[in-house]
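This report follows one bound molecule and the space around it, beginning with individual atom contacts and ending with the pocket as a whole. Please keep the structure in view while reading.

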Amino acid sequence: MIEQQLDSLYQHIHQVSEHNGRSAEEITLVAVSKNHPVSAIRRAYAKGQRHFGENYLNEALDKQRQLSKLEIIWHYIGRIQSNKTRKMAEQFDWIHTVESLRIATRLSNQRPQDLPELNVCLQINIDEEDSKSGLPPDKEQLLSLAQEIHQLPQLCLRGLMCIPALKASVSEEIKTFSKMQALQNHLKVHGIPVDTLSMGMTNDLDSAIRCGSTLLRVGTAIFGSRE
Ligand SMILES: *Cc1c(COP(=O)(O)O)cnc(C)c1O
């Protein structure tokens, strides 16, 4: 099941990329394994999947202990609690959900010196929903924060991440993802060397690819539903 779903997802990403004049090689699939057992991660890993995303820190740390022999690239995609940043800085390769200088500074200070820089994305509350975290989609505010985070020694600011509201149509999805692209371009033209757009989940990944996504975060289409 997981094996076939992954195969068809890889194939699908390939097709949608080509269709939009992109190379599938610029797109990384993060398999979101929250609420799924380590056995599911092992099966995906055996198919060649290396990037995995987790939302809950304790669940993730437990899985990492059990899977320590595997060469997994771990992405933290959940909400950040400021008293838990140390473990995040020690145990993950990527943090997608940074939204303040305070948290970024803690992560930088707590990133062990012997590890490579911690890759981070700034989360944007792109549809300005009360229920979601993230920065408002404001170009100037984003740029000034990005300029400060770009200076932090143990972090590498890679780009932007969003979790959009569910949309009624593809054209609305594209409108939202295009705003992310515009924010990203604003950083680039002002000299911040960002290369990552973390966007696209099971329901909207085609539109995300079309709008320049480089990191897809997909759970359900690989592992099935989380109930
Ligand atoms: C759960 C989750 C995903 C994966 O969602 P699916 O709809 O199952 O593909 C992606 N990103 C974040 C931040 C998530 O919490």
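## The ligand and its pocket

In this predicted model, an N or O atom in the side chain of R217 lies 2.9 Å from a nitrogen atom of the ligand. Oxygen atoms of the ligand also take part in contacts, one with the backbone of G219 and one with a polar side-chain atom of R226. These polar contacts are set out below.

| Residue | Protein atom | Ligand atom | Distance |
|---|---|---|---|
| R217 | side-chain N or O | nitrogen | 2.9 Å |
| G219 | backbone N or O | oxygen | 2.8 Å |
| R226 | polar side-chain atom | oxygen | 2.8 Å |

On its own the ligand has 390 Å² of accessible area, and the protein covers 91% of that area. Around the ligand there are 13 residues, among which K34, N55, T202, T220 and R226 come nearest; sorted by class, this shell holds six nonpolar, four polar and three charged residues.

Where does the ligand sit? The ligand is found in the largest pocket, which contains about 600 Å³ of space. The lining of this pocket is made up of 28 residues, and those that lie nearest its centre are K34, I163, M201, R217 and R226. At least two lining residues are supplied by helix α7 (170-189), and at least two by strand β8 (215-218). By class, the lining comprises 10 nonpolar, 10 polar and eight charged residues.

Technical notes
Residues are numbered from 1 along each chain as its sequence is written. This is a predicted model: local features need pLDDT of at least 70, side-chain atom pairs count only at pLDDT 80 or more; totals for chains, interfaces and linings use all residues. Side-chain values use heavy atoms; hydrogens and water are left out. A residue is near a molecule or strand if one of its heavy atoms lies within 4 Å of it. A polar contact is a pair of N or O atoms within 3.5 Å; within protein, one must be able to donate a hydrogen and the other to accept it, and residues adjacent in sequence count only if both atoms are side-chain atoms. Accessible areas come from the Shrake-Rupley method with a 1.4 Å probe; for residues, only the protein chains shown count as cover. On a 1 Å grid over the protein atoms alone, a cavity is a set of points where a 1.4 Å probe fits but cannot get out, and a pocket is an open set with protein on both sides within 12 Å along at least five of seven lines; lining residues have an atom within 4 Å of a point. A molecule sits in a cavity or pocket if more than half of its atoms lie within 2 Å of its grid points. Ala, Val, Leu, Ile, Met, Phe, Trp, Tyr, Cys and Pro count as nonpolar, Asp, Glu, Lys and Arg as charged, and the others, Gly among them, as polar. Grid points are joined across faces, edges and corners, and a volume is the space filled by probe spheres set on the points. Helices (H or I, at least four residues) and strands (E, at least two) are DSSP runs, numbered from the N terminus.
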